[in-house]
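Here are some quick notes to go with the model. Have a look at the picture before reading on.

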Amino acid sequence: MEGNHLKEFVRTEFGDSTEAQGYSAGERLLSDPEDRPTAIFASNDYAALGAFSAAHDRGLSIPGDLSIVSIDNTFMANMRAVMLTSVDIRSERQGELAGDVLIDRLAVPESKRRFELAHPVLVVGETTVSPLA
Amino acid sequence: MFIGDSRLDRLMDDSLIRAFMQSQVAGLILAGTMPTSSVLSDAIGFLPTVSAGNRDLDTTSVDVVVQDDEEAARLAVQHLLDLGHKRIRTWRDRKARRLSIYVAMSMFG
């Protein structure tokens with residue numbers, strides 16, 4: 001990814017990631033028809049659903065008028081009414097890794113401290129498509 | 001294997017850990033975020049412990065397994081870029097758990 005393009009295409013504000021904060025962020029980001037984003041990236045499913053509601057209340061259709069992507073891929077992302085595109089953080093994989101690491105630790109107590117990352121996977125739902133214009 | 005769930009009552013953390021210690025468990029896996037009490041600190045010092053899914057646990061003494069937030073943010077934004085989006089908006093989460101999203105986002109602009 002070229003850094004210049006990202007600076008040009010992605011604009012970042014501050015806010016929290018509750019559903020209410022997602023709604024108000026959505027309201028704010030979608031308020032100016034002259035500068036309306038074609039896509040919103042929320043840092044969790046709650047915030048994404050808040051933004052979803054804000055878009056809906058403005059009469060925007062998802063994904064036709066606005067794409068939404070988030071992180072977590074919780075049960076909420078997979079509700080049929082929403083089918084949110086969300087990055088799965090692989091909680092089950094984290095559990096497997098934790099079990100493996102503990103078993104290794106018990107076998108070799110003095111081994112070097114471990115730090116393991118579970119690799120996330122994008123799960124494409126029905127809230128992201130190419131922009132119209 | 002014993003499984004304890006303290007989501008209904010935060011004060012249960014300590015009593016669960018005491019119960020595990022009394023059962024002479026060989027090791028602990030701490031799943032998710034939880035406050036670090038003195039009982040927990042003592043247990044960590046005494047038992048082999050793995051922390052899973054918790055970026056806030058401030059200790060260098062346990063093994064850690066976490067999600068890759070930075071990679072997750074990258075995948076999400078790359079998906080939008082691949083679709084051709086050029087007006088993408090996001091907002092930064094103030095929570096420490098998402099700390100690496102700040103890193104990814106500072107890269108993104």
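1. In what order do the elements of chain B run from the N terminus on? This is a predicted model, and in it the order for chain B is α-β-α-β-β-α-β-α. That comes to four helices and four strands.

2. As for packing, chain B has 109 residues, and 46% of them are buried. Its accessible surface is about 5700 Å², with 54% of that belonging to carbon and sulfur atoms. If you take the contacts in chain B with a separation of 6 or more, 27% are between residues 24 or more positions apart.

3. One residue to click on is B:Val64, which sits in strand β3 (residues 63-67) of chain B. Buried or exposed? B:Val64 is buried, because its relative accessible area is 9%, and the cut-off for buried is under 20%. Leaving out residues up to four places away in sequence, B:Val64 touches B:Ser51 as well as A:Arg113, A:Arg114, A:Phe115 and A:Glu116. The C-alpha atom of B:Val64 is 9.5 Å from that of B:Leu30, which is 34 residues away along the chain.

4. Now chain A, which reads α-β-α-β-α-β-β-α-β-β along the sequence. Its radius of gyration is 19 Å, while the globule rule gives 14 Å for 133 residues, so chain A is more spread out than a compact globule. The C-alpha trace of chain A spans about 60 × 35 × 25 Å along its principal axes.

5. On charge, chain A carries 21 negative and 12 positive side chains, and the centres of these two sets are 6 Å apart.

Key: Residues are numbered from 1 along each chain as its sequence is written. Chains are lettered from A and ligands numbered from 1 in the order in which they are written. This is a predicted model: local features need pLDDT of at least 70, side-chain atom pairs count only at pLDDT 80 or more; totals for chains, interfaces and linings use all residues. Side-chain values use heavy atoms; hydrogens and water are left out. Helices (H or I, at least four residues) and strands (E, at least two) are DSSP runs, numbered from the N terminus. Buried means under 20% relative accessible area, exposed over 50%, partly exposed in between (1.4 Å probe, protein chains only). Contact means heavy atoms within 4.5 Å. Accessible areas come from the Shrake-Rupley method with a 1.4 Å probe; for residues, only the protein chains shown count as cover. The radius of gyration is taken over C-alpha atoms; the globule rule is 2.2 Å times the number of residues to the power 0.38. Lys and Arg count as positive and Asp and Glu as negative; His and the chain ends are not counted. The place of a charge is taken as NZ of Lys, CZ of Arg, CG of Asp or CD of Glu.
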